[in-house]
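This briefing is intended for a reader who meets the structure here without prior background. Please consult the sequence and the 3D view alongside the points that follow.

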Amino acid sequence: RPPTSGMDLDLAKQNLAQVGSVSHKNTLGLFPLGKKKKQKFVVGDDAGVISCFEMKKSEAQEVFSTASEGGAIHCLNLNLNPAKREKVFVAQGQWVVGVSKKGAVFFRLESPYGEPIHHMVIDDVIIYTGCEYIFNLYNDSKDSGFYMCHDRINAITVQKEYNPNNFDKRLRNVMLGCQDRCVRVLRCPEKGAGELAYEVAVNSPVASLVTYEYEALGKLPEAVQGSNQVGLEPTAVTLLLRCAPNLPKQP
């Protein structure tokens, strides 16, 4: 559906800060606004440098710059837990590295698999990672879940289980957007391995997945409750994908 007039935006480019070369997607993170209402953001570059900036009087001032051993930053993420949002997590090769709000490395986790990590979601002590074809779930640094996709993983998003009649915060729907024109939905409990719930075929390879945060935004219209946006290649087409927890698992 074309955007309504209320959704039209007039955007302009503005250079905020200069960092090293960045050739990987998902290497920019925005912190929630603090008490002083100043926006902070963090960037990971190809040299393995994690740079944090704070906007002051329309200018970006560096908060910290940390060089993490392990090569280029493949992806960067903040914790979904609001109490831990100031900590930054990056993926470098087969490593997940955690950096504090002052730039100190406080956490390192090595994947037991040979593929580099390209996608990552941090949910409190649970880490969801996506490599080329392998999805992994780590619970409190322990390897707790594994799934091998049929084709390359292009995107990952995580959504808490939502059903108007049964809201369970302990369950997660993990969506894997894949190159073979398929979105795979895994049902992942808080503890224990996840399993494939169902698959949804789309018209093009999946480029991105975006989840509606219903807890943060309040009750959404029925048409989008428990839904996700899927970006498709090669065009910028989006669609709504309803997470239907009652669908039978496909073989």
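**A buried glycine in a loop**

G103 counts as buried, because its relative accessibility of 11% is under the 20% limit. The model described here is predicted. The points below begin with the surroundings of G103, proceed to a sheet and a surface patch, and end with the chain as a whole.

**Surroundings of G103**

- G103 lies in the loop that runs between strand β7 (95-99) and strand β8 (105-110).
- When neighbours within four places in sequence are left aside, the contacts of G103 are with F64 and T66.
- A further residue to inspect here is S51: although 52 residues separate S51 from G103 along the chain, their C-alpha atoms are 8.5 Å apart.

**An open sheet of four strands**

- Four strands, in the order β9-β10-β11-β12, make up an open sheet with antiparallel pairing.
- Strands β9 (119-123) and β12 are at the edges of this sheet, and each has a single partner strand, so one side of each lacks a neighbour in the sheet.
- From one strand to the next, the twist averages 15°.
- As a general point, the strands of a sheet pair through backbone hydrogen bonds, in either a parallel or an antiparallel manner.
- Within this sheet, strand β10 (residues 126-130) and strand β11 (residues 134-139) run antiparallel and are joined by five bridges.
- T129 has N136, in β11, as its bridge partner.

**A nonpolar surface patch**

- Y133, F146 and M148 together make a nonpolar patch of about 270 Å² on the surface.
- M148 belongs to strand β12 (residues 142-148), which is one of the edge strands of the open sheet.
- Is M148 buried, partly exposed or exposed? The relative accessible area of M148 is 42%, so M148 is partly exposed, a class that lies between under 20% (buried) and over 50% (exposed).

**The chain as a whole**

- The secondary structure of the protein chain consists of one helix and 19 strands.
- The protein chain has 251 residues, of which 43% count as buried.
- Among contacts in the protein chain with a separation of 6 or more, 41% are between residues 24 or more positions apart.
- The exposed area of the protein chain is about 14200 Å², and 51% of that area is supplied by carbon and sulfur atoms.

Notes:
Residues numbered from 1 in each chain as written. Predicted model: local features only at pLDDT ≥ 70, side-chain atom pairs only at ≥ 80, totals over all residues. Heavy atoms only, no water. Patch = residues over 30% accessible without salt bridge, like charges linked within 9 Å, V, L, I, M, F, W, Y side chains within 5 Å. Areas by Shrake-Rupley, 256 points an atom, 1.4 Å probe, with all protein chains shown as cover. Salt bridge = Lys/Arg side-chain N within 4 Å of Asp/Glu carboxyl O. Helix = DSSP H or I, 4+ residues; strand = E, 2+ residues; numbered from the N terminus. Buried < 20%, exposed > 50% of the residue type's maximum accessible area, 1.4 Å probe, protein only. Contact = heavy atoms within 4.5 Å. Pairing = 2+ DSSP bridges. Axes fitted to C-alpha atoms, helices over the stretch in contact; angles between N-to-C directions.
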